[in-house]
Structure formats: structure tokens, C-alpha cells
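Reader: Hey, got a minute to walk me through this one? I'd like to begin with the surface.

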Amino acid sequence: MTLDEAKSPPVQSSNNMIELLREAAEDGPLTAVRIGDQPCVLVTGPEQTQQVLARRPDVYVKRGHRARRLLGDGLISATGEPWKRQRRLLQAQFTVAGTKRWERHIAAAAERIADRWETAVTAATPVDVGQDMRFFALDTIWRSLTGVALDEVTQRELDAVGTVVASLPTTAGGASDPSLAVDAALRQIDTTAHRVIASARAHRAREMSDRSPTVLGLLLDASESDPLYTDRLIRDELVTLLVAGHETTAQTLCWLFVLLDRHPDVHEQFLTAYAAAPDTARRDALLGALVQETLRLYPAVWLIPRHAAQDDVLDGHPVPAGTSVLVCPYLTHRIPGLWPDPERFDPSRFLPEGERPTHPAAFQPFGIGARACLGQHFALRETVTLLRLLLPAYRPSLTPAPRTAVFGANLRPQGSLRATLTRVSR
């Protein structure tokens with residue numbers, strides 16, 4: 001692997017980029033490639049991925065973040081000691097045990113969508129699956145952050161998040177959309193965040209007496225003893241958790257419904273197995289397998305950029321300081337030696353009796369290592385909670401079904417997901 005010999009066809013869009021990376025990955029788990037004028041190392045092998053993300057996080061660092069304009073110094077874009085302090089504060093809220101405190105919020109948000117679908121199927125009116133999944137994920141994280149349900153006014157204000165995310169470059173250092181619409185969206189996000197922070201601060205005494213903790217309350221508590229937590233950082237953390245807490249979950253749910261629509265045989269097999277399941281644990285295992293296989297094929301974070309802060313040797317090849325490194329879960333999840341028939345949608349891989357790779361980096365939809373996604377347990381719990389209500393009861397038929405993926409700051413289906421609903425009869 002020599003950076004000077006890297007493949008360098010033109011990259012005009014992020015969808016061109018995935019084709020370039022797919023071709024480069026055919027040369028092995030570690031490949032030199034050029035993105036425009038920038039020489040990079042593409043990492044797809046699990047062993048090499050583990051070295052970059054888990055074993056040597058001080059060597060392979062974040063040089064910047066493509067979403068810094070939106071997230072500021074929030075947890076995702078923070079580095080060094082500030083990141084460690086921010087992570088410690090929030091970690092306990094999103095462990096497997098910690099996530100249980102948000103179950104009532106998750107359940108209430110899921111019931112809201114189930115009621116919406118029941119109304120639609122009774123009235124024989126179509127639904128927009130994409131809009132409903134985004135609303136559910138945003139409502140869930142909003143309740144956990146603030147303690148209140150998402151209202152229509154706040155929802156419209158937070159639509160600005162989608163405007164900004166759509167404008168972001170695929171990798172750090174790329175050009176963002178400079179349009180006035182993006183500037184206006186950022187101003188709207190700031191206005192909403194600061195209004196919510198002021199309201200939470202004014203009502204903290206009531207929150208404490210009600211014993212109903214929120215993540216925003218935790219951040220306000222931290223501001224009383226830690227000078228790091230200024231109002232600006234609280235805004236950055238709030239927006240970071242909003243973005244990370246709903247974008248990836250919403251896209252995962254969208255892809256799941258796309259895949260079931262593409263593979264009616266798998267959908268039917270699932271419904272049969274779910275109806276025959278002897279207990280809740282088996283039914284949740286079936287739902288979890290659907291979610292995990294969706295994440296394998298369409299990880300929302302499909303590309304993880306890093307920067308070599310010092311010289312290193314990776315898989316026997318020198319990586320000079322200053323080299324850009326791209327870890328690509330999307331391609332790792334499609335290595336035939338790890339995943340037989342990798343393009344096949346086969347949720348049974350993730351059932352307890354299924355067969356899948358044992359290497360910890362062979363499946364990494366949330367990343368691995370110290371900077372793995374803080375909210376992965378929260379995301380899995382909320383997706384299963386919603387699917388318990390929707391999948392056994394309703395069958396959405398997408399009209400038309402999207403056939404194209406958009407490889408941007410996240411990985412999403414192209415176009416809307418309009419669907420007609422029919423009841424599942426068992």
C-alpha cells in the first residue's frame with residue numbers, strides 16, 4: 001500500500017465516493033485511495049478497524065468534525081480532556097441499566113405513532129413512513145432531554161436540523177452548503193435550544209420535587225459546579241443529543257421498512273415466527289434480529305474519518321503522521337469472508353442460534369472503542385419498543401419503494417416513503 005499510488009478517479013458526489021471506495025476495497029482490508037487531491041487510507045478489515053478505533057485512539061484522532069457548525073463543542077465533536085469529562089457525565093444515562101429510566105418516554109412516543117397508524121388504517125389514508133419515523137425518534141429523545149412531549153411548534157422548529165444535516169459534507173474538511181437557508185436553520189436551532197434551556201432552568205425546582213430527572217437537568221446541575229458547562233456548551237450538548245438521538249434511529253427504521261417491502265418473503269417469515277413465538281423474550285429476539293440485520297446493510301454512520309496524529313504502522317504498512325484514514329462500516333459489513341452472501345437480507349444471522357462473525361469489529365454500526373456511540377442501547381431499546389406495536393399489527397406497502405441510497409453525512413433512502421397500510425391478520 002503506497003499513498004503515492006492511490007486510486008484517484010474524480011469524486012463529484014458522496015454517491016460517487018462509495019463507488020470509488022467499493023472498488024478500492026477489492027484490493028484488500030487496507031487500501032490507499034485519493035478523495036479528490038487528498039491521499040487517504042481506506043480501512044475495511046475488522047482487525048485493522050479495531051487497531052484504528054479501539055486500540056490506538058490517541059494515534060487516530062478526530063481532526064475536526066463535519067458537523068461542527070451544527071454541534072459546536074458537543075460530545076460528538078469534542079476531543080481531548082473536554083471530551084472525556086463530557087462523556088463521563090453522560091455515560092451513566094445511556095448504559096443498558098441507565099436507559100431503563102427513559103422507558104416511559106420511549107413507550108409514550110411509540111404509542112403516539114401506533115395511534116397515528118391505527119387512525120390511518122381505519123380511514124384508509126396513506127402514511128409517510130419517513131416522517132413518522134423521524135417524528136417518533138425526535139419525540140423520544142425530546143421527552144428524555146426535557147421531560148415533555150414534542151409539540152407541533154417545536155417539531156416545525158426542529159425541522160431545521162434536517163436542513164443542516166443534509167448540507168453537511170461526507171467527510172471532515174469537505175465543503176458544506178453555504179446557502180442562506182442553512183444559516184437560517186442554524187439560527188432557528190439556536191433560538192429553540194436557548195428557549196428550552198431557559199425554560200428548564202426556570203422550572204428546575206419543580207422537576208426536583210417531582211423526582212423526574214431529565215438529561216437537560218443533569219447538564220444544568222453540572223453547570224453549577226463545573227465551569228466547562230457554559231450555556232453555550234449546554235446548547236451544544238442538547239443539539240448533539242437531539243441530532244445523534246434521532247437521525248440514526250429514524251434512518252434505521254426507514255431502512256427496515258424499505259427492506260421488508262423489498263423482501264415480502266422475509267416479512268412473511270418474520271410474521272409467522274413472531275406469531276408462534278412462545279414468549280416475549282423470543283419475540284424481542286426476532287425484532288432485534290431485524291434491526292441488527294438492517295444496521296448491517298445500512299449503518300447510518302457508514303463512514304468514520306480519522307487523522308493520523310503521529311507515525312504508525314498499520315497491518316505492516318507505514319502510515320505517516322497527517323494521513324487521513326477512512327473506516328467504512330458499510331463495506332466491512334459486506335465482506336464475503338465475514339458475511340456469506342453479504343447482500344442478502346437475512347435477519348436470522350442475528351438470532352441466538354444464527355451464525356455471524358465473532359470478531360468485535362466485524363459488525364460496528366455504532367462504531368467501536370472509546371468513541372463508540374453513547375446512545376446505542378437507547379437506540380436499540382426504542383426501535384424494538386416501536387416495532388412491537390407496529391410490525392405485528394400493520395403491513396405498510398411503499399408506493400413507490402425507493403431503490404437508491406444517499407451516501408451523505410448519514411445513509412438514507414432517497415425520496416419519500418409514502419405507504420398504504422393494511423392490517424396483519426393472524
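Author: Sure. The accessible surface of the protein chain is about 18,300 Å², and carbon and sulfur atoms account for 52% of that. Areas here come from the Shrake-Rupley method with a 1.4 Å probe.

Reader: And where do the coordinates come from?

Author: This is a predicted model, where local features need pLDDT of at least 70, side-chain atom pairs count only at pLDDT 80 or more, and totals for chains, interfaces and linings use all residues. Residues are numbered from 1 along each chain as its sequence is written, and side-chain values use heavy atoms, with hydrogens and water left out.

Reader: How much of the chain is buried?

Author: Of the 426 residues in the protein chain, 52% are buried, meaning under 20% relative accessible area (1.4 Å probe, protein chains only).

Reader: Switching topic: how many helices and strands?

Author: There are 15 helices and 12 strands, taken as DSSP runs (H or I, at least four residues, for helices; E, at least two, for strands) and numbered from the N terminus.

Reader: What does α13 pack against?

Author: Its buried residues pack against α11 (231-262), α12 (264-276), α14 (329-332) and α15 (376-390). Contact means heavy atoms within 4.5 Å.

Reader: Which residues of α13 are buried?

Author: Among them are Leu286, Leu287, Val291, Glu293 and Arg296.

Reader: What caps the N-terminal end of α13?

Author: Aspartate 279 does, with a side-chain oxygen 3.3 Å from the backbone nitrogen of alanine 281.

Methods. Buried means under 20% relative accessible area, exposed over 50%, partly exposed in between (1.4 Å probe, protein chains only). A polar contact is a pair of N or O atoms within 3.5 Å; within protein, one must be able to donate a hydrogen and the other to accept it, and residues adjacent in sequence count only if both atoms are side-chain atoms.
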